[in-house]
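Colleague: Could you take me slowly through one part of this model, together with the charged pairs that go with it? I am new to reading structures, so please explain each step.

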Amino acid sequence: MASSDTAVKLLNQASGYGVLVGVGGGFALGMILVTFFLRKYLKEDNTSTETFSVANRSVGTLLSASAVYSSWSWATELLWCTTMVYNYGIQSSYYYMSGLAVQIAVMAMVGIHAKKKIPKAHTSLEIIELRYGKSAHILYMFLCLTNNLLSCSSMILGAAGAISIIAGNLHIVAATILTIFSVLCYSIYGGLKATFLTDFAHTLILLIVLCYLNTAVLTNVGGLDALYDALANFGGTREIPGNYANSVITGKSQGAIIFGLILTAGNFGLSVMDSSFWQKTFSASPRATVPAYLTAAVLIASNVWPLGAIIGGAAIVLESSPKFPTYPRKMTQYEVDSGFALPYALMATLGKGAVGGLLLIVYLAVTSTVSAQMVSVSSILTFDIYKKYINTNAHNKSLILVSHVGCIIFTFGAAGFSIMLHYVGVNMTWFGYFYPLIICPGVIPLILSITWDRQNWYAAFISPILGIVFGFIVWTTTAYKLSGAVNITTLGGQLPALYGALTALFLPGISSIIISLVYPKKFDWSVLQQAHLLVDEDVSSENSGDDVDEEKQEIANSDKGDNIEGIDDGHHHNKEDVEVQVDSDQSSSSNNLESQTTIAGVEQLTPKQLDFWIKIATGAAIFILLINWVLWPLPLYRDWIFSRAYFKGYVTVGLMWLYATLLIIGIGPLISGRHTIALIARNVYRDYIKRW
């Protein structure tokens, strides 16, 4: 295999096992304990399907933003950004961040539409089934599950490969299995709420490590001026087709912009077709949905903005240095495509400690995403397969069992698929160019399903199929026309991937609108609002109490009354209260949104308030798209090399963005959740530590 020729050793295998077993086991145990304490003191029952799947629909702004940020902080994101900067220059880091932000803003718009039109939903597929029926439901179920499998596998593939090379060529199978095992433990026990809490913990550690790595590498290479001089002098020493003057600090980079377009198209599939992002909108309280998603959309750029410019730039200029791990040779194409430029650059500048930090955040990033994918797929298996087609009268006990089994099946299935991809020779870059063809065709029809009442069944069903078929046709024919052959190498080219991805994304949208206008039909949104979707709880009373005596109950209730800014910024209720509310919601003769002030104990917004947030989210999505893809990058696409002032400003603002993200996303939830944290700490101290 190509990687066997590298003879590069960064850390020993003990480091890898220490992170995968030690840190993984610690996180699993910690999250299981946190879930237990939330259940014991705040009545958040992890044996309830509503809690497991949608976290009681009460998660607040900052915790939701942290969870979205964490789910969008892929391990491959850090590796792939550095790879593209190495290939095409600093502008690649700009296009990477542009390919991350707009999708989250679109999900803010989609999420608030869902809050208005189907506030009791658990998955996006429930919308499809209620509106278009069984055949469309099965089609979109296939698209969503395929998306979950491909996105999760691509994450595991890239992360396990990086962990393997960092940790002394740790066996790829061991890296894969150990990566997912701890996630499986706490996700099965705690469900989506455990995912939210681990997302927050992962995000906090990720941001702290990124702040250190970026600042330390910049200092190590001599600061902004020294880095600029080295990158400017590098121009012309390596041919970069499409870059002005072969420079790595130019806005005119054909490879970078093509990569950015492929990434942006693929990320629409990874967000809109990923049921975990829909679940986070259903889980957020109505007031938190848009602010949380827009906060994450604005701040997500901080992951790749400074990292690409600083560490990616360092990888370019240090490759010829004796400090570089591969010296005196250059990196092989396998190493580049697999994302090894990042750990190599850290080893050359900061040594083994920094590489260990990278190993940690790669692990945390992959486990965070896998956890969200796991719970979302289990929800599809539970609500869209088992409850819909197998046991329509299923209640909580059987549903929670199916959710647990679904987590296990999907996790090991995705791990096995990732191992297969590795052994057939698929690398992170090729796979990243490929999966948009599969996951993008359903994006626009699914968005229209919740935002446009004119889309008919023919449009919703036929359009994704057209996108898949013609996407593959364009992909393969372009590869043949440009290279004269169709094989793994030619299909991994940028232009075939770009044309195929754009066809798969936009053709279904165009065909859907045309078909809907040819066969006009207007949908009544009240069908979604009146659907019986909330789960009837059948959990025994012992599960809601957990031996909490009257004194503890009074303390908990007293503190919860003051806990307006709790860790989930939401409303905690006794299970009996929730059941009464569920029954009243489901038996109401007037079950439209206007008559519902609460759903499952959570206060709802009025239609006027929801319309306001819809306008905000729509405007924000358009604004972010125009800024990131028109107003900023296009004026730079000319025969121009970054001036010293522009480069220094670009890197400096990126670092400021990163530190601001640490304060808002990392520290903010701790401040807003201080009352809940204090409540749990006091009770744990009194019940366990003091007695011991």
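Modeller: Let us begin with a term that will be needed several times: a residue is called buried when its relative accessible area is under 20%, exposed when that area is over 50%, and partly exposed when it falls in between. Please also keep in mind that this is a predicted model.

The part to look at closely is Gln 455, which sits in the loop that runs between helix H20, residues 443–451, and helix H21, residues 457–483. Its relative accessibility is 2%, and because this is under 20%, Gln 455 counts as buried. The side chain of Gln 455 has two polar contacts to follow here: one, of 2.9 Å, joins it to the side chain of Tyr 132, and another, of 3.2 Å, goes to the side chain of Ser 449. If the neighbours within four places in sequence are set aside, the residues in contact with Gln 455 include Tyr 132 and Ser 449 once more, along with Arg 131, Pro 445, Leu 448, Ala 460, Ser 512 and Ser 516.

Just before Gln 455 in the numbering come two charged residues, Asp 453 and Arg 454, which form a salt bridge with their closest N and O atoms 3.7 Å apart. Side chains of opposite charge can pair when their charged atoms come close. Asp 453, at 16% relative accessibility, counts as buried, whereas Arg 454, at 36%, counts as partly exposed because that value lies between 20% and 50%.

This pair can be set beside others, since a search of the whole structure finds nine salt bridges. One of them is formed by Asp 611 and Lys 116, whose closest N and O atoms are 2.5 Å apart. That pair links distant parts of the chain, with Asp 611 in helix H28, residues 607–631, and Lys 116 in helix H5, residues 91–117, so that 495 residues separate them. Asp 611 is partly exposed, its relative accessible area being 30%.

In another salt bridge, the side chains of Asp 687 and Arg 686 meet at 3.2 Å, taken from N to O. Here Asp 687 counts as buried at 6% relative accessibility, while Arg 686, at 22%, counts as partly exposed because its value is not under the 20% limit. Finally, salt bridges that share partners join Asp 225, Asp 229, Arg 644 and Lys 648 into one network.

Key: Residues numbered from 1 in each chain as written. Predicted model: local features only at pLDDT ≥ 70, side-chain atom pairs only at ≥ 80, totals over all residues. Heavy atoms only, no water. Helix = DSSP H or I, 4+ residues; strand = E, 2+ residues; numbered from the N terminus. Buried < 20%, exposed > 50% of the residue type's maximum accessible area, 1.4 Å probe, protein only. Polar contact = N/O pair within 3.5 Å; in protein donor to acceptor, adjacent residues only side chain to side chain. Contact = heavy atoms within 4.5 Å. Salt bridge = Lys/Arg side-chain N within 4 Å of Asp/Glu carboxyl O.
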